[in-house]
Amino acid sequence: MRLCSIASGSSGNCIYIGDSRTHLLVDTGISKKRIEEGLCRVGVKGEEIAGILVTHEHSDHIQGLGVFSRRYEVPIYATRGTIEGIRRCKSLGTIPEDLFCEIREEESFTIGSLEIYPFPISHDAREPVGYRAGNAGKSVAVATDLGTYDEKTVQYLSGLDAVVLEANHDTHMLEVGPYPYHLKQRVLGDRGHLSNEVSGRLLCDILHRDLKQVVLGHLSKENNYEELAYETVKLEVTMGENPYKGDEIPLMVAKRDEISPTIEV
């Protein structure tokens, strides 16, 4: 299986997941042109995409959905609440109804050679989910836009070969930064986003010796930066109650405006 972040950040998100037979996107929060450029780097054409898995209806996850799905007639997989949110987003234009495939959280389904498991996440959207995808004993997951996590979240992310994990903000940068008070409270709340520190704690809970790559994603442009997220998460692992040290973890940070290296598991 392969996983590649085409874009990840508060301004736009698009992740490629696939194997030799089936190619998927998780979110299309960037332009059709940027999606196509990213897919080209992975060696995949737009018409080869078998499905778009939408986590939720916020613009940084769907702004390219209408154009891309219409152009290549790609099925859109999302929960009922997310589909309702997509339909209300006038900027996407009209998306043919037959492209929508309603899914339910915690009910697996298959696209081509990949088994997909959508799991609930805590975020201020209609019915948001993260996704786990697997085939032939290998599995990867995308877990961003989490205000908090619990033991069930840890179970959803257990035994993975690779994961895209949110490290959205540095708490101090957010508290003293330019965001208005209500937005700061939203980000910090249980339906907001994971800080670097909490991301590191969640990583401690899902670490195992066969986890081949951790990709920190959805970094805030205003309240975080790559080096800080990377070092903070590593420190949390080193200080956490687990047998690992931060320097032992295969860790990278997803780029906001460019494609990240492709991970193969």
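Visitor: What makes the meeting of the Lys255 and Glu226 side chains a salt bridge?

Guide: In this predicted model, the N to O distance between the side chains of Lys255 and Glu226 is 3.3 Å. A salt bridge requires a side-chain nitrogen of Lys or Arg within 4 Å of a carboxyl oxygen of Asp or Glu, and therefore the pair qualifies. The two residues come from distant parts of the chain, 29 residues apart: Lys255 belongs to the loop between strand 13 and strand 14, and Glu226 to helix 9.

Visitor: Why is Lys255 called partly exposed?

Guide: The relative accessibility of Lys255 is 29%. Buried means under 20% and exposed means over 50%, so a value in between is called partly exposed. Glu226, at 31%, is partly exposed as well.

Visitor: Which residues are joined into one network by salt bridges that share partners?

Guide: That network consists of Glu231, Lys234 and Asp247. A search of the whole structure finds ten salt bridges.

Visitor: How do you know that Asp124 forms a salt bridge with Arg186?

Guide: The closest N and O atoms of Asp124 and Arg186 are 2.5 Å apart. The limit is 4 Å, so the pair meets the criterion. This bridge also links distant parts of the chain, with Asp124 in the loop between strand 8 and strand 9, Arg186 in helix 7, and their positions 62 residues apart. Both partners are partly exposed, Asp124 with a relative accessible area of 26% and Arg186 at 30%.

Visitor: Where do Lys32 and Glu36 lie, and what makes them a salt bridge?

Guide: Both residues lie in helix 1, four residues apart, which is about one turn of the helix. Their side chains meet at 2.9 Å, N to O, and the pair therefore satisfies the 4 Å limit. Lys32 has a relative accessible area of 23%, and Glu36 has a value of 23%. Each is partly exposed because 23% falls between the limits of 20% and 50%.

Visitor: Is Ser69 called buried or exposed, and why?

Guide: Ser69, which is placed in helix 3, has a relative accessibility of 0%. The limit for buried is under 20%, so Ser69 is called buried. Beyond its neighbours within four places in sequence, Ser69 is in contact with Ile52, Val74, Ile76, Ile95 and Leu99.

Visitor: How far does the backbone oxygen of Gly66 lie from a polar atom of the Ser69 side chain?

Guide: The distance is 3.3 Å. A polar contact has a limit of 3.5 Å, and the Gly66 and Ser69 atoms therefore lie within that distance.

Note on methods. Residues are numbered from 1 along each chain as its sequence is written. This is a predicted model: local features need pLDDT of at least 70, side-chain atom pairs count only at pLDDT 80 or more; totals for chains, interfaces and linings use all residues. Side-chain values use heavy atoms; hydrogens and water are left out. Buried means under 20% relative accessible area, exposed over 50%, partly exposed in between (1.4 Å probe, protein chains only). A polar contact is a pair of N or O atoms within 3.5 Å; within protein, one must be able to donate a hydrogen and the other to accept it, and residues adjacent in sequence count only if both atoms are side-chain atoms. Contact means heavy atoms within 4.5 Å.
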